[in-house]
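Here are my notes on this entry, written as numbered points. Please keep the model open as you read.

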Amino acid sequence: MNKKIKCPECEYENPINFTSCIKCDHRLKNAQYYTENYKDFYELFNEDNQRILKKSKLTDTAYDTVLYNIINIGEDNIQLLPEKASMHNLLNITKPYVKVQYDNSKRFPAYLSYYSYNNILIKKTTDPSLIPTAILHEFSHHLFNEIIKQCMMHLLNHEKNLFIESFAWYLSLENTFIELSGEFMAHKVQEYFLPDDFEGFTSVIQLLHDNPNLDEEKLKEALYFGNAISKDIIYILEHFITPQASMYGTVFENVGIEYPIVELSVDEKLDKLYTLITDAFDRILTDKVEMQATLSQMNKNYIYLNC
Ligand SMILES: [Zn+2]
Ligand SMILES: [Zn+2]
């Protein structure tokens, strides 16, 4: 295939599957390619890659490399010494990773902010004093997605592309348990860096409230996993931000969560992450036609939101 997409900025002819111009980095509007192209999808989601995934193992050395790769995205772009989590510093830190913008729309009226396709959207109505903690929360979601992507890239020895991105988006929202892990993780990061601005595990409590019949063992496992991942996100962020000491002295952890949180070992955490990735991959492969459409739609949203 040698179809090209012309950059609207500098007119350079880029390969059609590129999302930004090689020459000038301008965003390329190639949504149509990603909703109509089956080749890239099947090049990633096929039986050969399924076999490779099954044979691979997510070792702690590999996982360390994954975390370093993520830290490097920031370190290559900013040379900040760790500072406090003010709005200004957070915008600098998030810049190499995600786009932060205000959302004027009427979507999600109950939220302060949300994370969608590599964008952090802050509701225009959000009180300015809550914006840093909101950015930190959403950025944690993004970093968790980045961990999933980098693990996939490592396990399959594959470059990042939009289907790797949509795989991570799909996985992190696939069911209530993984959503619980993600929300618990993001709130733990807020609790750690901005204890006095931390408003509690609101979205975890909301999810538990909305889903009263969840299997309790699975629910607890989801919280333990979220807790384990929060430590890695904190580890990444400590390269850029120093946690703020609480004005009130002691921070009481996990307030409002009725389950005692068990610390997972590194092996338990990596097993869980590996299983999430391979299971999601298997499900995509079992239902290829529908999943091709679902993941393509996610990519289309991503391209539109980033243009
Ligand atoms: Zn260009
Ligand atoms: Zn959240």
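1. First, a term. Helices (H or I, at least four residues) and strands (E, at least two) are runs assigned by DSSP, and their numbers count from the N terminus. The names α6 or β4 below follow that scheme. Keep in mind that this is a predicted model.

2. Start with the overall division. The protein splits into domain 1, residues 1-31, and domain 2, residues 38-306. Their C-alpha centres are 29 Å apart.

3. Now the zinc ion (ligand 1). Which atoms coordinate this zinc ion (ligand 1)? They are the SG atoms of Cys7, Cys10, Cys21 and Cys24, at 2.2 to 2.4 Å. Along the chain, these donors are spaced C-x2-C-x10-C-x2-C. Cysteine 7 and cysteine 24 link distant parts of the chain, 17 residues apart. Cysteine 7 is in the loop between β1 (4-6) and β2 (13-15), while cysteine 24 is in the loop between β2 and α1 (31-36).

4. Check the geometry here. Why is the arrangement around the zinc ion (ligand 1) tetrahedral? Because the four donor atoms subtend angles of 103 to 115°. The cut-off is that all angles lie between 85 and 135 degrees. For comparison, the ideal angle for four tetrahedral donors at a metal is 109.5 degrees.

5. Look at exposure in these two cysteines. Cysteine 7 has 1% relative accessibility, so it counts as buried. Cysteine 24 has 31%, so it counts as partly exposed. The cut-offs are under 20% for buried and over 50% for exposed.

6. Two backbone angles deserve a look. Glutamate 11 is not a glycine, yet its phi is positive, about 70°. This residue sits in the loop between β1 and β2. Glutamate 11 is exposed, because its relative accessible area is 53%. Aspartate 25 also has a positive phi, near 70°, and is a residue other than glycine. Its place is the loop between β2 and α1. With a relative accessible area of 59%, aspartate 25 is exposed.

7. Turn to the zinc ion (ligand 2). Its protein donors are His137 (NE2), His141 (NE2) and Glu183, which is listed twice through OE. They lie 2.0 to 2.6 Å from the ion. In sequence, the donor residues are spaced H-x3-H-x41-E. The angles among the four donor atoms run from 54 to 149°, and the site is irregular.

8. Where are the two histidines, histidine 137 and histidine 141? Both lie in helix α6, four residues apart. That is about one turn of the helix. Are they buried or exposed? Histidine 137 and histidine 141 are both buried.

9. Next, the largest pocket. Its space is about 1,100 Å³. The lining has 36 residues, and those closest to the centre are Tyr111, Ser113, Tyr114, His141 and Glu183. Two of these names, His141 and Glu183, also appear among the donors of the zinc ion (ligand 2).

10. What builds the lining? At least two residues each come from β4 (113-116), α6 (131-156), α7 (162-172), α8 (176-193) and α9 (202-210). Which element gives the largest share? It is α6, with seven residues. By class, the lining has 15 nonpolar, 14 polar and seven charged residues.

Note on methods
Residues are numbered from 1 along each chain as its sequence is written. Chains are lettered from A and ligands numbered from 1 in the order in which they are written. This is a predicted model: local features need pLDDT of at least 70, side-chain atom pairs count only at pLDDT 80 or more; totals for chains, interfaces and linings use all residues. Side-chain values use heavy atoms; hydrogens and water are left out. On a 1 Å grid over the protein atoms alone, a cavity is a set of points where a 1.4 Å probe fits but cannot get out, and a pocket is an open set with protein on both sides within 12 Å along at least five of seven lines; lining residues have an atom within 4 Å of a point. Grid points are joined across faces, edges and corners, and a volume is the space filled by probe spheres set on the points. Ala, Val, Leu, Ile, Met, Phe, Trp, Tyr, Cys and Pro count as nonpolar, Asp, Glu, Lys and Arg as charged, and the others, Gly among them, as polar. Donors are N, O and S atoms within 2.8 Å of the metal (3.2 Å for Na, K and Ca); water is not among the atoms, so sites may look incomplete. Four donors count as tetrahedral if all angles lie between 85 and 135 degrees; four count as square planar and six as octahedral if opposite donors are over 155 degrees apart and all others between 65 and 115; anything else is irregular. Buried means under 20% relative accessible area, exposed over 50%, partly exposed in between (1.4 Å probe, protein chains only). Domain bounds come from an automatic or database domain assignment.
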